[in-house]
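Visitor: I should like to go through this model term by term and hear the grounds for each label. May we begin once the structure is in view?

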Amino acid sequence: MNKKAIAETALCRYDEKEQCYIVESPLFDRVMGVGDTEEEAWKIFDEVLTETYVAYLEGKLVGYEKRGRPAKGNVEFHAQVKPEVREKITAKARELGISQGEVIAYLNAAAEVLPDLQRRYE
């Protein structure tokens, strides 16, 4: 588990049905912050992530009894992209200490949040 990467890939969205803000990272969906405001949701997310990470380090987090990433049931994905796109994905993966697949999962999650952001700032 990479706490820094989880925190840096967290995204905030507004859930119309539940009437609240939700912050979560596509890298670790077991950690979530929910609040009436964005600030509250981010604060709760940070607190839950810190508590979860301590439990992970102590070997008390279910599914993470030993350090490292548990199998996620992912599938193989191969694509041809422009060299500059690959360089950017590789650079982001190195920066965050995650796999290129996790960078793609983050970009997908960001694309899902984008319409909500665009509506809120129009």
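**Accessibility and salt bridges**

Visitor: Why is Glu8 called partly exposed?

Guide: In this predicted model, the relative accessibility of Glu8 is 40%. Buried means under 20% and exposed means over 50%, so a value of 40% places Glu8 in the class in between.

Visitor: What makes the contact of Lys4 with Glu8 a salt bridge?

Guide: The criterion is a side-chain nitrogen of Lys or Arg within 4 Å of a carboxyl oxygen of Asp or Glu. For Lys4 and Glu8 the N to O distance is 3.3 Å, and the pair therefore qualifies. Lys4, at 44% relative accessibility, is also partly exposed. The two residues are 4 apart in helix H1 (residues 3-8), which means a separation of about one helical turn.

Visitor: Why would a spacing of three or four places matter in an α-helix?

Guide: An α-helix has 3.6 residues a turn, so residues three or four places apart point the same way. Side chains of opposite charge can then pair when their charged atoms come close.

Visitor: How do you know that Lys43 and Glu47 form a salt bridge?

Guide: Their N to O distance is 2.8 Å, and the limit is 4 Å, so the label applies. Lys43 and Glu47 lie in helix H2 (residues 38-57), 4 residues apart, or about one turn. Lys43 has a relative accessible area of 53% and is therefore exposed; Glu47, with 39%, is partly exposed.

Visitor: What makes Glu95 and Lys92 a salt bridge?

Guide: The closest N and O atoms of Glu95 and Lys92 are 3.5 Å apart; as the cut-off is 4 Å, the pair is accepted. Glu95 and Lys92 are 3 residues apart in helix H3 (residues 83-96), about one turn of the helix. Glu95 has a relative accessibility of 48% and counts as partly exposed, as does Lys92 with 31%. Elsewhere, Arg13, Asp15 and Glu24 are joined into one network by salt bridges that share partners. Over the whole structure the search finds 6 salt bridges.

**Helices H2 and H3**

Visitor: How do you know that the span of H2 agrees with the expected value?

Guide: H2 has 20 residues, for which 1.5 Å a residue gives an expected span of 28 Å. The C-alpha atoms at its ends are 28 Å apart, so the two values agree.

Visitor: Which residues of H2 are buried, and what puts them on the same side?

Guide: The buried residues of H2 are Ala41, Phe45, Leu49, Thr52, Ala55 and Tyr56. They cover an arc of only 125° around the axis, and therefore lie on the same side of H2. Glu39, Lys43 and Glu51 are exposed on the other side of H2.

Visitor: Why is Leu57 called partly exposed?

Guide: Leu57, which lies in H2, has a relative accessibility of 37%; this falls between the limits of 20% and 50%, so the class is partly exposed. Leu57 and Met1 are 56 residues apart along the chain, and their C-alpha atoms are separated by 9.4 Å.

Visitor: What can be said of the span and the buried side of H3?

Guide: The 14 residues of H3 reach 20 Å from the first C-alpha to the last, close to the expected 20 Å. Ile89, Thr90, Ala93 and Leu96 are buried in H3. They cover an arc of only 140° around the axis, and so lie on the same side of H3. Pro83, Glu87, Lys88 and Arg94 are exposed on the other side of H3. Gly97, with a positive phi near 70°, follows H3.

**The second largest pocket and Gln19**

Visitor: What makes up the lining of the second largest pocket?

Guide: The lining has 18 residues, and those nearest the centre are Glu24, Ser25, Pro26, Asp29 and Ala109. Strands S1 (11-15), S2 (20-25) and S3 (28-35) and helix H4 (100-120) each supply at least two lining residues, with the largest share, 5 residues, coming from H4. By class the lining has 10 nonpolar, 2 polar and 6 charged residues. The space in the pocket is about 310 Å³.

Visitor: Where does Gln19 lie, and what is its phi?

Guide: Gln19 lies in the loop between S1 and S2. Its phi is near 60°, a positive value in a residue other than glycine.

Technical notes: Residues numbered from 1 in each chain as written. Predicted model: local features only at pLDDT ≥ 70, side-chain atom pairs only at ≥ 80, totals over all residues. Heavy atoms only, no water. 1 Å grid on protein atoms, 1.4 Å probe; cavity = no way out; pocket = protein on both sides within 12 Å on 5 of 7 lines; lining within 4 Å. Points joined across faces, edges and corners; volume = space filled by probe spheres on them. Nonpolar A, V, L, I, M, F, W, Y, C, P; charged D, E, K, R; others polar. Buried < 20%, exposed > 50% of the residue type's maximum accessible area, 1.4 Å probe, protein only. Expected span 1.5 Å × (residues − 1). Arc of directions from axis to C-beta.
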